[in-house]
Amino acid sequence: MANLKYSISKLIGKLTYQVLKVMTTGGKAYPGYLYLKNMGVENLNMLIKDQIRDGSILITGTNGKTTTTTMIIELFNRFYDITKSVDNNTIYALTTAILAKKSDIGIFEYGIRDIEHGQPQNVQSQVKPMGVIYTNISREHTQVLGVKKLFKDYVKAKNMLSEGMHGGIIITNADDPNTTYIGCERQKDENHVIYYGFDVDNITDESIGDVACPYCDKPLTYTHNFMNQRGKYSCECGFRRVEPDIKVTSVEITTTNMNIKIEGEVYNRTLDDKISVDVEYKLPLFGTYNIYNVLAATTAYAAFTSRVDQLKDDLESYFDSLSFSILPPGRFEVVELANKKVGIGQGDNGDALNANVNFMKQIINGNDFEFIYTTADENEEEIFKDHMHVIKNSKPTHISVMPGRVSTDAARKYYDEIEKTGLNCDFTSVEYDFEKRVDAIIDLIKKSEYEYVIVTGCGEEQVVWDEVKNRLKKQ
């Protein structure tokens, strides 16, 4: 009887997926919802065993999830039969992806904002991933569906996605204290933890202020900042950056490309032993922050591929042909409008905003520029604090401030804080309306007297950024 119920539930889910995938929403969550409603979350593993032969890889973090996942999917998709999903943060969407087809390997982005909605403990226990990859963990949305969440709980939710694993592979960013903390915890359970990071002197960033130790909450001491909270750090309690197993050892940025070298040793699941990695890539000029995504994807492929003898060729042939097409919606791009160069894209946490600004400042090259900042929301003071640090360090000639999320009152409050610093700034109040917000951003860009303009910050929807970019390209 149980097998009959499973067969019927699976069939309903698959048929619903086939019907809905032709719609604009793609039936992303509903087929999975139907399966779990009929069978219960506790029987997701039954579907996993039936649909995915070798195992699944989950990718999570604050920034870079979609880009990293896309790279990993494209690397494996050339030689393996895979099931995939990107831009996914619910167990229902994950289940839909699993229903879609049978395959050898599952590769799934899994963003988590909180425990209640992300259900990381259920995903971990049911999917039983062979690997979990962490990009970084920094403050982003501090409220979910109107409820304010603590950053500690956000880290805890990410941690739970791999908590309970034994003998799996954790790939984590050694330069980020929060992902290093997770790696240290997983090592206690006899998992294979692979740390990746930078080992270069020419990538550096301003200090972002106090970063709390994930063990004792005391401020960490940094000897080098690569990017926001990512760097070389230690704490008086004994916690410190782990030496990366695989590193970016050279970065050369030209006017057209980023040339990087990656070296190290990683554990390979097929061989059950360590293998050497020594590759060089010629990448597009798409921001140094994306080097972390390239490094994470490189590490993932080296850890899970069975094509060990072809590893170097597989990696270099893929990354040397990489294009901007792998970047996700909302990505930061430079658009030319008349005599202006406009850098525009989502930056809804300090890490993303800083990456956007650093990328654009390579183009600005010391010239005057306008910063159009779309603000955080009510109860997102932590995000604004991180944004404020980046804004001040960027030294804009002029700042135009406008609401980025729901509350115009919150936007005005944040503007007042910016004005108190003495920065040259103005405020534009725009009600919470998609078209009006898009029109306001375009109007501010057109009215700007500066040749270089940065437009970034928070947005209620990623599509806001793409809509602005598309309209600018048609001007």
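Here are some notes on the helix packing, the two sheets and a few loop residues in this predicted model.

1. Start with the nine-strander. An open sheet of 9 strands runs in the order β2-β3-β1-β4-β7-β8-β11-β12-β13, with mixed pairing. The edges belong to β2 (82-85) and β13, each with a single partner strand, so one side of each has no neighbour in the sheet. On average, neighbouring strands here are turned by 15° against each other, direction ignored.

2. Inside that sheet, have a look at β8 and β11. Strand β11 covers residues 246-253, runs parallel to β8 and is joined to β8 by 3 bridges. If you want a register check, Gly197 stands opposite Lys247 in β11. Packed on this sheet is α10, which touches β1, β4, β7 (169-173), β8, β11, β12 (257-268) and β13. The direction of α10 makes about 35° with that of β12.

3. Then there's the other sheet. Its 6 strands are ordered β14-β15-β19-β16-β17-β18, and this sheet is open and mixed too. At the edges stand β14 (333-337) and β18 (425-427); each has a single partner strand, so one side of each is left without a neighbour in the sheet. The average turn between neighbouring strands is 20°, direction ignored.

4. For the register in this second sheet, try β16 (residues 369-374) and β17 (residues 398-402). These strands run parallel and are joined by 5 bridges. Glu370 stands opposite His398 in β17.

5. Which helices lie across the strands of this sheet? One is α12 (residues 350-364), which lies across β14, β15 (340-346), β16 and β19 (452-457) and runs at about 170° to β19. Another is α15 (residues 434-447), lying across β14, β15, β16, β17 and β19, at about 165° to β17.

6. Back to the N-terminal part of the numbering, and to α5 (residues 91-100). Helix α2 (residues 30-39) packs against α5 at an angle of about 95°, with the axes 7 Å apart. The two are therefore roughly perpendicular to each other. On the α2 side the contact uses Tyr30, Pro31, Gly32, Tyr33, Tyr35 and Leu36; on the α5 side it uses Ile91, Tyr92, Thr95, Thr96 and Leu99. By class, this contact has 8 nonpolar residues, 3 polar and no charged.

7. How does α3 sit against α5: roughly parallel or roughly perpendicular? The axes of α3 (residues 44-51) and α5 come within 10 Å and cross at roughly 30°. That makes α3 roughly parallel to α5, and the crossing is left-handed. Leu44, Leu47, Ile48 and Gln51 of α3 meet Ile91, Thr95, Ile98 and Leu99 of α5. The contact of α3 with α5 splits into 6 nonpolar, 2 polar and no charged residues.

8. Two helices have buried residues you may want to click through. In α8 (residues 151-160) the buried ones are Tyr154, Val155, Ala157, Lys158, Asn159 and Met160. Note that Lys158 is on that list. These buried residues pack against β1 (52-60), α6 (115-118), α7 (120-127), β4 (131-134) and α9 (177-187).

9. In α11 (residues 311-319), what is buried is Leu311, Asp314, Leu315, Glu316, Tyr318 and Phe319. Asp314 and Glu316 are the ones I'd look at, as both are among the buried residues. The cover over the buried residues of α11 includes α4 (65-77), β13 (273-284) and α10 (289-304).

10. Next, some backbone oddities. Most residues other than glycine have a negative phi. Glu190, not a glycine, has a positive phi of about 60°. Glu190 is in the loop between α9 and β8 (192-198) and counts as exposed at 69% relative accessibility. Asn379 is another non-glycine with a positive phi, of about 65°. Asn379 lies in the loop between β16 and α13 (381-394) and is partly exposed, with a relative accessible area of 32%.

11. Last one: where is Asp210? Asp210 is in the loop between β8 and β9 (221-227), and at 69% relative accessibility Asp210 counts as exposed. Asp210 and Tyr222 are 12 residues apart in sequence, with 9.6 Å between their C-alpha atoms.

Conventions:
Residues are numbered from 1 along each chain as its sequence is written. This is a predicted model: local features need pLDDT of at least 70, side-chain atom pairs count only at pLDDT 80 or more; totals for chains, interfaces and linings use all residues. Side-chain values use heavy atoms; hydrogens and water are left out. Axes are lines fitted to C-alpha atoms, for helices over the stretch in contact, and angles run from 0 to 180 degrees between N-to-C directions. Helices (H or I, at least four residues) and strands (E, at least two) are DSSP runs, numbered from the N terminus. Angles under 35 degrees count as roughly parallel, over 145 as roughly antiparallel, 65 to 115 as roughly perpendicular and the rest as oblique. Contact means heavy atoms within 4.5 Å. Ala, Val, Leu, Ile, Met, Phe, Trp, Tyr, Cys and Pro count as nonpolar, Asp, Glu, Lys and Arg as charged, and the others, Gly among them, as polar. A crossing is left-handed if the near helix is turned anticlockwise from the far one by less than a right angle, and right-handed if clockwise. Two strands pair if DSSP finds at least two bridges between them. Buried means under 20% relative accessible area, exposed over 50%, partly exposed in between (1.4 Å probe, protein chains only).
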